[in-house]
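Let's go through some labels and ask what earns each one. Have the sequence and the model open side by side.

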Amino acid sequence: MAKKTIFQDIDLQKYEDLGYDVDCITQYGIPTDTAGNNIQTILVTESYSDYTEIKGTLEDETTDDLSTAKKAFIMPGVGMSADRLKEALREHKVVVTNDYELADVLVNDGLCADEHDSTFRTTKPLHHKTNMYILKEGFAEDYFDRTGNWTIYCDKVKNSCPLYNCDYESAEYDLYGISGLAIELASKIKDGDMQVVDVETVMNSSNTKQRLTPELVDQLTAMLNSREDREMAGTILPTIDYRYEPGLMWKLAGEAAQRIDYDFRNKDITYWAEKARIRKLSRMSAQDAILYFEQTGELDKKTFKMLEPIVRSEISIHNRELYVFKVQIKPEYRKYFKNKKDEN
């Protein structure tokens, strides 16, 4: 039974069978704890094209149909909690397994690569790091003696194992790291033994999803402003389907953004808020929201008629003692006021 870790054994034959170049690869160790006591092996390639190709294989959705799936493997490091994903998958009679070898579908959020700063995150199967050092002594000596592999020095161990205490060399400027798990999953996907489905597909097909209504916005606003009810609001927020009712989502964002930032550390709420663009929408005026939703193709008559009166109420006109002013909507926006009978 395979363990749920990115550090599966590196299968070079499978890597080559996937069509990747084996003449530009090296195996390196990476520290997985701050003391450098545990070092695991990843494959590093100099080929950016091979890296992006395997990244696309793991991240690109291959199906949105869960009716034929039986067992799902959740990619380590996804933003949504495993419990909520399990609940949603259970509605489709799909069982979650920690053994990728038994799974016929991979659930992913499209973010399987660790491409930030100089620390290796052991929940991500792919890595891109730049301008790093490698060493084979100090905390890395035992690992080098066992494997012959150098270890990549990263910020994870900089406090306990200062670099100035060791002899080191420069690694290739661009390090494209590929874990054993990434190779195994890509092989299954390429062989047709595993489909890839996005977390959003799973969650948005759940019966627990609900559309936002004006009443629900008012209810959530009151709950978020109440210490007693705030926790309950936190259980409701991730169930809201943010793909609909953009005007109401804008209104909710204005009420909820600050509370979400300061009062919640829940993984599901953080994931939902990012996908729902809560922070971004909260910074928009009503006019900004209209223009933004027009740009994204979400603006409709209902949303425009909700937001336009707010924009109108904020118009400021001076010199009223001498002049009479008339406000008119620009021609390109008048279509959002037309009724069906006016269009015939």
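Here come a few questions on cysteines, charge and exposure.

This is a predicted model, where local features need pLDDT of at least 70, side-chain atom pairs count only at pLDDT 80 or more, and totals for chains, interfaces and linings use all residues. Residues are numbered from 1 along each chain as its sequence is written, and side-chain values use heavy atoms, with hydrogens and water left out.

Q: How many disulfides does the structure hold?
A: Zero. To count, a pair of cysteine sulfur atoms must be within 2.5 Å. Take Cys24: the nearest cysteine sulfur belongs to Cys112 and is 19 Å away, so no disulfide there.

Q: Why is Cys154 not bonded to Cys161?
A: Cys161 has the closest cysteine sulfur, but that is 10 Å from the sulfur of Cys154, which is too far for a bond.

Q: What makes Cys154 count as buried?
A: Its relative accessibility is 1%. Buried means under 20% relative accessible area, exposed over 50%, and partly exposed in between (1.4 Å probe, protein chains only), so Cys154 gets the buried label.

Q: Why is Cys24 called buried too?
A: Cys24 comes in at 15% relative accessibility, so it also counts as buried.

Q: Why is Lys86, in helix 3 (residues 82-90), called partly exposed?
A: The relative accessible area of Lys86 is 34%, so partly exposed it is.

Q: What makes Glu61 partly exposed, and where does Glu61 lie?
A: Glu61 has 37% relative accessibility, so the label is partly exposed. You'll find Glu61 in the loop between helix 2 (48-59) and strand 3 (71-74).

Terms used. Helix = DSSP H or I, 4+ residues; strand = E, 2+ residues; numbered from the N terminus.
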